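Work through these exercises with the model open beside you. Try each task before you read its solution.

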Amino acid sequence: MDEFVGNDNEDVIEEVNITDDEEEIGADDVVVTSPFVGMVFHSWEEVDKYYKRYGRQQGFGILRAAGSHLQKGGKIKGTEGILVEVTKDGDWVVKREVSEHKNHCPTPRKSRYVPMYWQENINSLVKRKLFNDYNSGANVPQIFNCLASERNGVENVTFTKKDLQNIIARDKAEKMKEGVWNAMWKYFKAMSTDNENFFHKHMVGEDNRLQDVMWVDARSRASYEEFGVVIVFDSTYLTNEYDLPFSNFVGVNHHGQTILLGCALLSHEDSETFEWLYTTCLSCMSNKKPIGFLTDQDVAMKKALLEVMPDVRHRWCLWHILTKFSQKLGKYNDYDQFKVELHNVIYNSLTKNEFEVQWNVVIKKYKLEGEIWLAGSYHGREMWLPAFMNGMFWVGMKNTQRSESINRFFDGLVDKHTRLFEFSPFYIKVVESRADDEQQADAADQREVRPLATQFMVERAFRKVYTDVKFPEVQEQCNL
């Protein structure tokens, strides 16, 4: 960094080193001629502007420190730099100029490491792209590489990844000034202004801090009207730095695609909190209840659902229960044998009676009557066994993996460090992406007509009703 030093009417410019191992990328394209003795400026502002441009071009910064060196005998005691004096006419004249660099070798590429040039390098266009791309899910290294590509290489970029990260951090800090919840509430208000069907509701604790919040955009509310037959609810995905589990409601559309129906951040996973959430969900959806509700094996969820929607069929995730087999039963020497037989009974029993008979045969064969976890699972068999779900349309869902596919979509967008107010914008991006998938599938259905597999009139009739994804299931039944 160069330093301007002098008395009241003199100034000396000095440099501060930037080491060679810091050199990476590019300089400004503006060409500024080197200073020389006798060079005249009409104001101090001209001197300052000129030497900053020159320093940026050469690869060093400048700093004016008036009065730090004293004049003796008409000479300046100082280091390398330039001396400028004010004439009687008010002009500034270069009296001494030293261009040699004793301890370092500045190059144009080193300008990117001089803080005084950073704000000049990162203009409004760069910031606009930075925020747009970052809010779309891109990380800072990806954005930096894209900017470097637009400038034909990293060597032509005059700022660093750290500079971009600092801008993002300052923006987040600015949003946090009003408080986490205020920032999120501000976003909700903006969304509600744009679309009156945007829904959000929250609950505040005794300390006046945000406790629970749920939000649903207009598109998800419309999707629920069409496809809210069976809902999958998951509350296990993510806990961010505010210790609020991220939950979501998921459904299936006419293309068999997973659709997001709503999101929530919850302070507790108890029956009271779930009761508030399920009640809020119903109020958002005009009290239209689903036929089926699929969750993991959670007692608090079961209690809340019985209170809020007692006539809705509640089902536990089959996959979560079966994955516990090895943990709970793996201690037995003949585990591999009876696991296969129990799975066969679970998946292939067509009626309740058939299941009861076959299950008891396996239990007695392997002497598992005293196994407490297995007995508990059998006691709750009406909540998860396929044979007990016959006669009801479940949209092909037996587990919460639909919800987990939504969670995977959030991966890369949110993590445990994501700020509270950032959840809702990311939710909107997921909904928009899913809506785009549905529109593409609708367009494909209009372009193509699937050939018939039989001569049955029912197949011909159903071809006009079912989508391309679901119609093969009809054809499979026609071919039986």
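**Exercise 1. The whole chain**

How much area does the protein chain expose, and what share of it do carbon and sulfur atoms supply?

Solution. Keep in mind that this is a predicted model. Start with the surface: the protein chain exposes about 25,600 Å². Carbon and sulfur atoms supply 49% of that area. Next, look inside. Buried residues make up 45% of the 480 residues. Then count the elements: the chain has 18 helices and 15 strands. Finish with the contacts that have a separation of 6 or more. Residues 24 or more positions apart account for 64% of them.

**Exercise 2. A pair of rings**

Classify the aromatic pair of Phe355 and Phe388, and find where each ring lies in the chain.

Solution. A pair of aromatic rings is described by the distance of the centres and the angle of the planes. The structure holds 16 such aromatic pairs. For Phe355 and Phe388, the centres are 6.0 Å apart and the planes make an angle of 80°. The centres must lie within 6.5 Å, and an angle over 60 degrees counts as edge-to-face, so this pair is edge-to-face. Now place the rings. Phe355 belongs to helix H13 (residues 352-365). Phe388 sits in the loop between helix H14 (372-379) and helix H15 (401-410). The two are 33 residues apart, and their pair links distant parts of the chain. Last, check the cover: Phe355 and Phe388 are buried.

**Exercise 3. Rings at the surface**

Are Phe462 and Tyr466 buried or partly exposed?

Solution. Begin with their geometry. Phe462 and Tyr466 form an edge-to-face pair, 5.5 Å centre to centre, with 75° between the planes. Phe462 lies in helix H17 (residues 457-463). Its relative accessible area is 33%, so Phe462 is partly exposed. Tyr466 has 38%, so Tyr466 is partly exposed too. Now widen the view. Phe462 and Tyr466 belong to a nonpolar surface patch with Phe456, Val458 and Val465. Together the five residues have about 470 Å² of accessible area. Patch members need over 30% relative accessible area, so Phe462 at 33% passes that cut-off.

**Exercise 4. A cluster and two charges**

Which residues do ring pairs link into a cluster, and which rings lie under Arg315 and Arg381?

Solution. Take the cluster to begin. Ring pairs join Phe233, Phe249, Phe274, Tyr278 and Phe293. Turn to Arg315. Its charged end sits over the ring of Trp394, 5.0 Å from the ring's centre. Then find Arg381. This residue lies over the face of Tyr378, at 4.0 Å from the ring centre.

Notes: Residues numbered from 1 in each chain as written. Predicted model: local features only at pLDDT ≥ 70, side-chain atom pairs only at ≥ 80, totals over all residues. Heavy atoms only, no water. Patch = residues over 30% accessible without salt bridge, like charges linked within 9 Å, V, L, I, M, F, W, Y side chains within 5 Å. Areas by Shrake-Rupley, 256 points an atom, 1.4 Å probe, with all protein chains shown as cover. Salt bridge = Lys/Arg side-chain N within 4 Å of Asp/Glu carboxyl O. Helix = DSSP H or I, 4+ residues; strand = E, 2+ residues; numbered from the N terminus. Buried < 20%, exposed > 50% of the residue type's maximum accessible area, 1.4 Å probe, protein only. Phe/Tyr/Trp six-rings, centres within 6.5 Å; stacked < 30°, edge-to-face > 60°. Lys NZ or Arg CZ within 6 Å of the ring centre and 35° of its normal. Contact = heavy atoms within 4.5 Å.
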